[in-house]
Amino acid sequence: MKASIVIANYNSASYIDQCINSLKSQTYKNLEIIFFDDNSSDRSLDIIKKFSDVKVIKNKEQTKFGSLNQLNAFRKAIEISEGDLICLLDSDDYFDENKIEKVVNFFK
């Protein structure tokens, strides 16, 4: 069973390393990480580039307020996901190392 973790990001550069590293250290390994950046004006895109196995989506749509919203970010990321299960994560948060394993086991 493959798990997709979709991440919504807007100007959370200072948290991205912790967020992504929490996914890289998961006890469950059959997962994909999709990172949606919603027009950040900080260094978010520079930081996420160092994680070569993370799928990155850059929002190309603008509103008069700049970014679209978190729901749009998750929707666009889910559209390209390949997982049997989808987990949502904000870029300023992280998962405990066995979270995905527990979720997968619950659904099995």
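Seven bridges join strand E1 to strand E2, and the two run parallel. The model is predicted. Its open sheet has four strands in the order E3-E2-E1-E4, with parallel pairing. E3 and E4 stand at the edges with a single partner strand each, so one side of each has no neighbour in the sheet. From one strand to the next the twist averages 20 degrees.

**Strand pairing**

- Strands of a sheet pair through backbone hydrogen bonds, in either a parallel or an antiparallel sense.
- Between E1 and E2, Ala-8 has Phe-36 of E2 as its bridge partner, and Asn-9 has Asp-37 of E2.
- E1 (residues 3-9) also pairs with E4, in the parallel sense, over six bridges.
- On that side of E1, Ile-5 stands opposite Cys-87 in E4.

**Faces of E1 and E4**

- In a regular strand the side chains alternate between the two faces of the sheet.
- Ala-3, Ile-5, Ile-7 and Asn-9 point one way from E1, while Ser-4, Val-6 and Ala-8 point the other way.
- Both of these sets are buried, and the count for E1 is seven of its seven residues.
- E4 (residues 85-90) has a covered face made of Leu-85, Cys-87 and Leu-89.
- The uncovered face of E4 carries Ile-86, Leu-88 and Asp-90.

**Helices against the sheet**

- H1 (13-24) lies across E1, E2 and E4, and its direction runs at about 175 degrees to that of E1.
- H3 packs on the sheet and touches E1, E2, E3 and E4.
- The direction of H3 makes about 150 degrees with that of E1.
- Asn-72, Ala-73, Phe-74 and Ala-77 are buried in H3.
- The cover over the buried residues of H3 includes E1, E2, E3 and E4.

**Leu-89 and its surroundings**

- Leu-89 is found in strand E4, on the covered face of that strand.
- Leu-89 counts as buried because its relative accessibility is 3%, against a cut-off of under 20%.
- Leaving out residues up to four places away in sequence, Leu-89 touches Ile-5, Val-6, Ile-7, Ala-8, Cys-19, Leu-23, Phe-74, Tyr-94 and Phe-95.
- One of these contacts, Ile-7, is 82 residues from Leu-89 in sequence, yet the two C-alpha atoms are 4.8 Å apart in space.
- Another contact of Leu-89 is Phe-74, which is among the buried residues of H3.

**Loop residues**

- Asn-11 is found in the loop between E1 and H1 (13-24).
- The phi angle of Asn-11 is near 55 degrees, a positive value in a residue other than glycine.
- With a relative accessible area of 29%, Asn-11 is partly exposed, because that class lies between the 20% and 50% cut-offs.
- Asn-39 lies in the loop between strand E2 (31-37) and helix H2 (44-48).
- Asn-39 likewise has a positive phi in a residue other than glycine, near 60 degrees.
- Asn-59 is found in the loop between strand E3 (55-58) and helix H3 (70-80).
- Asn-59 is buried, with a relative accessible area of 9%.
- The side chain of Asn-59 makes a polar contact of 2.5 Å with the side chain of Asp-38.

**Aromatic residues**

- The structure holds one aromatic pair.
- In that pair, the rings of Phe-106 and Phe-107 have their centres 5.4 Å apart and their planes at 90 degrees, so the arrangement is edge-to-face.
- An angle over 60 degrees between the planes is what counts as edge-to-face.
- Phe-106 and Phe-107 are both exposed.
- Lys-99 lies over the face of Phe-95, at 4.6 Å from the ring centre.
- Phe-95 is also among the residues that Leu-89 touches.

Conventions:
Residues numbered from 1 in each chain as written. Predicted model: local features only at pLDDT ≥ 70, side-chain atom pairs only at ≥ 80, totals over all residues. Heavy atoms only, no water. Buried < 20%, exposed > 50% of the residue type's maximum accessible area, 1.4 Å probe, protein only. Polar contact = N/O pair within 3.5 Å; in protein donor to acceptor, adjacent residues only side chain to side chain. Pairing = 2+ DSSP bridges. Phe/Tyr/Trp six-rings, centres within 6.5 Å; stacked < 30°, edge-to-face > 60°. Lys NZ or Arg CZ within 6 Å of the ring centre and 35° of its normal. Contact = heavy atoms within 4.5 Å. Axes fitted to C-alpha atoms, helices over the stretch in contact; angles between N-to-C directions.
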